Amino acid sequence: MSNKVTAAITAVGGYVPEDKLTNFDLEKIVDTTDEWIRTRTGITERRILKGEGKGTSEMIVPAVKQLCEKRGIDPMEIDCLIVATVTPDMVFPATANIVCDKIGAKNAWGFDVSAACSGFLYTLTLGASLIESGRYKKVVVVGADKMSSIIDYTDRATCIIFGDGAAAVLLEPSQNGYGIKDSILKSDGSGAQYLRMKAGGSRYPASAETVAAREHYAYQEGKTVFKFAVTGMADVSAQLLERNHLTGDDIAWLAPHQANLRIIDATAQRIGLPREKVMINIQKFGNTTAATIPLCLWEWENQLRTGDKIVLAAFGGGFTWGATLVEWAYDPAGI
């Protein structure tokens, strides 16, 4: 047994909205086809949060409540809650604070992190550092986005890709060596021109002109982003394994960001993993941005076993990317 405190994932919770937007639905909206979408992205349908006044917190609350129920804890026991999102309920206050209020986590402090599709990896590293400091015992890390709120459904370059969802993990101290083992995180702001939402910030505040120019929607230059994503996710995953003296044979699962099936396959091939060891749910949920990786952990939780080594990998807007090595801390069947 090690004396070093590590941050172990001890519970997972998730939520996706009931309403589905299928490729056949999109055929009626934009110039595309089911076959075109499936062959280029791997997506068949995505979930959409509908209803007036429903923001990202609406999905986070049930995910965190589920997590607490699984672990058998009261929200009052949560020390900190961090939300990775690019679709906060409001510019301020932080969505994390809104969630804490809604679930009754009165003893928790919290904040949001904006790192697009890499947001969950960024927040996971932050949450782990809080646990490793010894000052906090229960930190909830959330990845959640209501991408439908910033998608232009006349733009087939983006509307076919994104969906809504939320998932969360609980981090607690471990002295058994399980948990967040290592991370390599990267960013390059020169990529902002290729994947961004131009207006709505201090540089281009909302105005009649920005609304008319449709600048409050996500913009993506697909070919450029695809090229960078394939290289970025694959390279950083390979670097992570090399740094930890591991090969694909040592890895139980790859939990990749669900942006495009071809990017997922390229990452798996780079680290020597067969498709059956890759978590893939893009066909059902599309790209839920910060929620994709924790949604994978949520869906595959019952297949994970104590000691499993898992690589989490992502690439996101602006650009951000990274990979994290996790050693799974529990067998759900034994809880």
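**Close-up views of the predicted model**

**Figure 1. Phe228 is partly exposed, with a relative accessibility of 35%.** This value lies between the limits of 20% for buried and 50% for exposed residues, so Phe228 belongs to neither class. The structure shown here and in the other views is a predicted model. Phe228 belongs to one aromatic cluster together with Tyr194, Phe315, Phe319 and Trp321.

**Figure 2. Phe319 takes part in aromatic pairs with Tyr194 and with Phe228.** Eight aromatic pairs occur in the structure. In one of them, Tyr194 and Phe319 are stacked, with 6.2 Å from centre to centre and 10° between the planes. This pair joins distant parts of the chain, since Tyr194 lies in the loop between β8 (179-187) and β9 (195-196) and Phe319 in the loop between β12 (309-316) and β13 (320-327), 125 residues apart. Phe319 has a relative accessible area of 2% and is therefore buried. Its ring also pairs with that of Phe228: the centres are 5.0 Å apart and the planes meet at 35°, so this pair is tilted. Here too, distant parts of the chain are linked, as Phe228 is in helix α8 (residues 222-243) and Phe319 is 91 residues away, in the loop between β12 and β13.

**Figure 3. Cis peptide bonds occur at Phe92 to Pro93 and at Gly318 to Phe319.** Most peptide bonds are trans. The bond from Phe92 to Pro93 has omega near 5°, and Pro93 is placed in the loop between β4 (80-84) and α4 (95-103). For the bond that joins Gly318 and Phe319, omega is about -10°. Phe319 is located in the loop between β12 and β13.

**Figure 4. His257 is buried in the loop that precedes α9.** This loop runs between β11 (253-256) and α9 (261-270). The relative accessibility of His257 is 1%, under the 20% limit, so the residue counts as buried. Apart from its neighbours within four places in sequence, His257 contacts Cys117, Met233, Ile264, Asn287, Thr289, Thr292, Ile293, Ala313, Ala314 and Phe315. Among these partners, Phe315 is also a member of the aromatic cluster.

**Figure 5. Helix α11 (residues 292-300) is mostly covered.** Of its nine residues, seven are buried. These are Thr292, Ile293, Pro294, Leu295, Cys296, Leu297 and Trp300. Thr292 and Ile293 are also among the residues in contact with His257.

**Figure 6. Two residues other than glycine, His245 and Thr289, have a positive phi.** Most residues other than glycine have a negative phi. His245 has a phi of about 55° and is placed in the loop between α8 and β11. With a relative accessible area of 74%, His245 is exposed. Thr289 has a phi of about 60° and lies in the loop between α10 (282-285) and α11. In contrast to exposed His245, Thr289 is buried, with a relative accessible area of 2%.

**Figure 7. The protein chain contains eleven helices and 13 strands.** Along its principal axes, the C-alpha trace spans about 60 × 45 × 35 Å. The radius of gyration is 19 Å, in agreement with the value near 20 Å for a compact globule of 335 residues. Buried residues account for 56% of the 335 residues. Of the contacts with a separation of 6 or more, 76% are between residues 24 or more positions apart.

How values were computed. Residues numbered from 1 in each chain as written. Predicted model: local features only at pLDDT ≥ 70, side-chain atom pairs only at ≥ 80, totals over all residues. Heavy atoms only, no water. Helix = DSSP H or I, 4+ residues; strand = E, 2+ residues; numbered from the N terminus. Rg over C-alpha atoms; globule rule 2.2 N^0.38 Å. Buried < 20%, exposed > 50% of the residue type's maximum accessible area, 1.4 Å probe, protein only. Contact = heavy atoms within 4.5 Å. Phe/Tyr/Trp six-rings, centres within 6.5 Å; stacked < 30°, edge-to-face > 60°.
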